[in-house]
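Colleague: I would like to go through this model and ask where its labels come from. Please set each value against its definition.

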Amino acid sequence: MKPRVVSPHVLNLAGSNRWPGARAYRFVIDRFLVLPIGAFVAIVWANTASEGYFWFAHALAFPVNQIGMALFFALLAQDVTEALMSGGALHRWRKWTLPFMAAAGGLAGSAAVYLFYVSAAHETVLSSAWPIACAIDIAAAYYVLKTIVRRSGMIPFLVLLAAATDAFGLLVAAWPRWGEPHPGSLLLMLVALGLAWRLKRGGVRAFWPYLGICGPLSWTALYLAGTHPALALIPIVPFLPHEPRPTEVFAEPAPDDLVHRSERDWHEVVQIVLFFFGLVNAGVLLRGYDTGTWAIMTAGLVGRPVGIVIATALAVGLGLRLPRGVGWREVIVVALATTSGFTFALFFATSLLPMGAVLTQVKMGALLTAIGAVAAIGVARLLRVGRPAPHRPHAVR
């Protein structure tokens, strides 16, 4: 057993429980709540001083969306990689085959409902935004489910379902959109991967040399190739130090060695990025409701959960098994927990659409899908998922 030590947090605010707000700070950080806080500030600011807000958002859009978000996507990739590796919670193929099929159903359901909605409304100009309707906010879905159940096979099922869905969306958002790839982009990527391999062979256990040295080279390579540079750190993730996550995906590890201390520091830096991401992208005028808004909401709140349940039923019919302790009530709750698009929907929206009325409509819909979290918790209570059945004493005869 390794001795635990106090982590030298980057923000250095909650390193000691003596600070009066340490517990509240840890609660907010651990649950990625800084993003909705930033989004709330953005909405208030945009609707009270719109000129100042949109100037601010425009000035920070590139560094936040194109650079800062690379840290967030890499952190998610690191967590899923550790869960999938030998000894991890999601290592066995039987644990990820069914979620992948459920993800395909969710993609089909959300895309079909979205396209049907905009077609019925004769707003075909919105058709290109269909990948945004497929997005799932992984962190939000995870913590919604953690609110309902502490430990369950529902959680890894949900994580893989959401990760597979968003991986597809990221491929669509990152696809080169202009010109021929720059001749130097491949060379820069090879140099970045070669340096990452050398750091790994050298036994470097801290994350920051990989992210700080190899990351900028990979970012430049993707930028020159016309691919979204926010994915720059994902090719570096396989070279990072890894330790299997046998229990909780996304749970912050104890700071008992250099790898875990670096991961905690990385987690807190990502919180700063997510706050500014919400602040920069979530500021929409509340009068911006229109077809795109309702299409995104309907696709997320109806199309995706229905598609997930149907695909899961088909997979079970083909012989795959649900995780231990997971029945059809739990599948329904998992499907509802995926309804929030939020972070990923906003990212896809800003990546795929130009500034204008269409982007405003879609972003409003992405924000409103957050009500799916309330629906998931309410249905879970109704179906008694995550709660013990009431004790009924035997009748006296």
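Reading the labels

Modeller: The accessible surface of the protein chain is about 19,100 Å², and 67% of that belongs to carbon and sulfur atoms. Such areas come from the Shrake-Rupley method with a 1.4 Å probe, and for residues only the protein chains shown count as cover. This is a predicted model, in which local features need pLDDT of at least 70 and side-chain atom pairs count only at pLDDT 80 or more, while totals for chains, interfaces and linings use all residues. Residues are numbered from 1 along each chain as its sequence is written, and side-chain values use heavy atoms, with hydrogens and water left out.

Colleague: How many helices and strands are in the protein chain?

Modeller: The protein chain has 15 helices and zero strands. Both are DSSP runs numbered from the N terminus: helices are H or I with at least four residues, strands are E with at least two.

Colleague: What makes the span of helix H11 agree with its 27 residues?

Modeller: The expected span is 1.5 Å times one less than the number of residues. For H11, residues 291-317, that gives 39 Å, and the end C-alpha atoms are 37 Å apart, so the two agree. H11 also bends by about 35° at Ala299, where a bend is the angle between axes fitted to the seven residues ending there and the seven starting there. After H11 comes Gly319, with a positive phi near 115°.

Colleague: Why is Thr312 called buried?

Modeller: Buried means under 20% relative accessible area, exposed means over 50%, and partly exposed lies in between (1.4 Å probe, protein chains only). Thr312 has 0%, so Thr312 counts as buried. Thr312 sits in helix H11. Apart from neighbours within four places in sequence, Thr312 is in contact (heavy atoms within 4.5 Å) with residues including Leu98, Phe157 and Trp328.

Colleague: Which backbone oxygen does the side chain of Thr312 reach?

Modeller: That of Ile308, at 2.7 Å.

Colleague: Where does helix H9 bend?

Modeller: H9 bends by about 40° at Gly215, and Pro216 follows within four residues. H9 covers residues 208-225 and reaches 25 Å from its first C-alpha to its last, close to the expected 26 Å. Its buried residues include Tyr210, Gly215 and Trp219. Just after H9, Gly226 has a positive phi of about 80°.

Colleague: How many disulfides does a search of the whole structure find?

Modeller: Zero. A disulfide is a covalent bond between the sulfur atoms of two cysteines. The search takes a pair of cysteine sulfur atoms within 2.5 Å as a disulfide. Two cysteines can still be set against the cut-off for burial: Cys134 has 4% relative accessibility and so counts as buried, and Cys214 has 0% and is therefore buried.

Colleague: Is His122 buried or exposed?

Modeller: His122 has a relative accessible area of 70%, so His122 is exposed. It lies in the loop between helix H4 (93-120) and helix H5 (130-133). The phi of His122 is near 60°, a positive value in a residue other than glycine.

Colleague: And is Phe342 buried or exposed?

Modeller: At 10% relative accessibility, Phe342 counts as buried. Phe342 is in helix H13, residues 342-352, and has a positive phi near 30°.

Colleague: What share of the 397 residues of the protein chain counts as buried?

Modeller: The share is 51%.

Key
Polar contact = N/O pair within 3.5 Å; in protein donor to acceptor, adjacent residues only side chain to side chain.
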